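I am opening a fresh notebook page for this one. Come along while I look things up, one item at a time.

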Amino acid sequence: MRELNQDELDQLFPAECHFKVICKDREGMEKDLNQSLEDIGLTGIVFQPRGRSAKGTYITFDLSMVVECLATKNKARVM
């Protein structure tokens, strides 16, 4: 696969991105997930709890965001 040139990269943005996290349900998990977003400079967005497993062991969180440019995408890559 070849590297994209700047014009091709510019055409990719803004991009709508969706994330799903499935993790053990423990106290403070939502706060910790949202803190990780703040730690990398992504403010104004939060993970939303969506449901628990049948036995209550796991919880699902969703996050949707618009990535405006390549610089924002690269910043979020740290996560």
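How many residues lie between strand 2 and strand 3 in their hairpin, and which residue in the turn has a positive phi? I looked there before anything else. Five residues separate the two strands of the hairpin, and Gly56 is the turn residue with a positive phi, about 80°.

**Entry: how far to trust it**

I note that this is a predicted model, so I checked the confidence too. The mean pLDDT of the protein chain is 88, and 90% of the residues reach at least 70. Strand 2 has the highest confidence, at 95. Helix 3 (residues 70-76) has the lowest, with a mean of 69, and I will read that part with care.

**Entry: the parts list**

I found three helices and three strands in the protein chain. Read from the N terminus, the elements go α-β-α-β-β-α. The chain has 79 residues, and 23% of them are buried. I also looked up the exposed surface: about 6100 Å², with 52% of it supplied by carbon and sulfur atoms.

**Entry: the sheet**

Next I traced how the strands are arranged. The three strands make an open sheet in the order 1-3-2, with antiparallel pairing. Strand 1 and strand 2 are at the edges with a single partner strand each, so each has one side without a neighbour in the sheet. On average, neighbouring strands are turned by 25° against each other, direction ignored.

Helix 2 (residues 29-39) packs on this sheet and touches strand 1, strand 2 and strand 3. The direction of helix 2 makes about 25° with that of strand 3.

**Entry: who pairs with whom**

A reminder to myself: strands of a sheet pair through backbone hydrogen bonds, either parallel or antiparallel.

I followed strand 1 (residues 15-24) along strand 3 and found 10 bridges, in the antiparallel sense. One pair to look for there is His18 with its bridge partner Ser64 in strand 3.

Strand 2 (residues 48-52) is joined to strand 3 by four bridges, again antiparallel. Walking along strand 2, I found that Pro49 has Phe61 as its bridge partner. Gly51 stands opposite Thr60, and Arg52 stands opposite Ile59.

**Entry: strand 3 and the core**

Why is strand 3 largely enclosed by the rest of the structure? Seven of the 10 residues of strand 3 (residues 58-67) are buried, so the rest of the structure largely encloses this strand.

I then looked up the largest nonpolar core, which has 14 residues. Phe47 and Phe61 have the most contacts inside this core. Strand 1, helix 2 and strand 3 are the elements that give two or more residues to the core, and strand 3 provides the largest share, five residues. For background, nonpolar side chains in soluble globular proteins tend to be buried together.

Phe61 deserved a line of its own. Neighbours within four places in sequence aside, the contacts of Phe61 include Phe19, Val21, Met29, Leu33 and Phe47. Pro49 is also among them, and Pro49 is the residue I noted above as bridged to Phe61.

**Entry: reach along the chain**

My last lookup was about distance in sequence. Of the contacts with a separation of 6 or more in the protein chain, 63% join residues 24 or more positions apart.

Notes:
Residues are numbered from 1 along each chain as its sequence is written. Side-chain values use heavy atoms; hydrogens and water are left out. Buried means under 20% relative accessible area, exposed over 50%, partly exposed in between (1.4 Å probe, protein chains only). Two strands pair if DSSP finds at least two bridges between them. Contact means heavy atoms within 4.5 Å. Accessible areas come from the Shrake-Rupley method with a 1.4 Å probe; for residues, only the protein chains shown count as cover. Axes are lines fitted to C-alpha atoms, for helices over the stretch in contact, and angles run from 0 to 180 degrees between N-to-C directions. pLDDT is the predictor's confidence in each residue, from 0 to 100. A nonpolar core is a set of buried Ala, Val, Leu, Ile, Met, Phe, Trp, Tyr and Cys residues joined through side-chain atoms within 4.5 Å.
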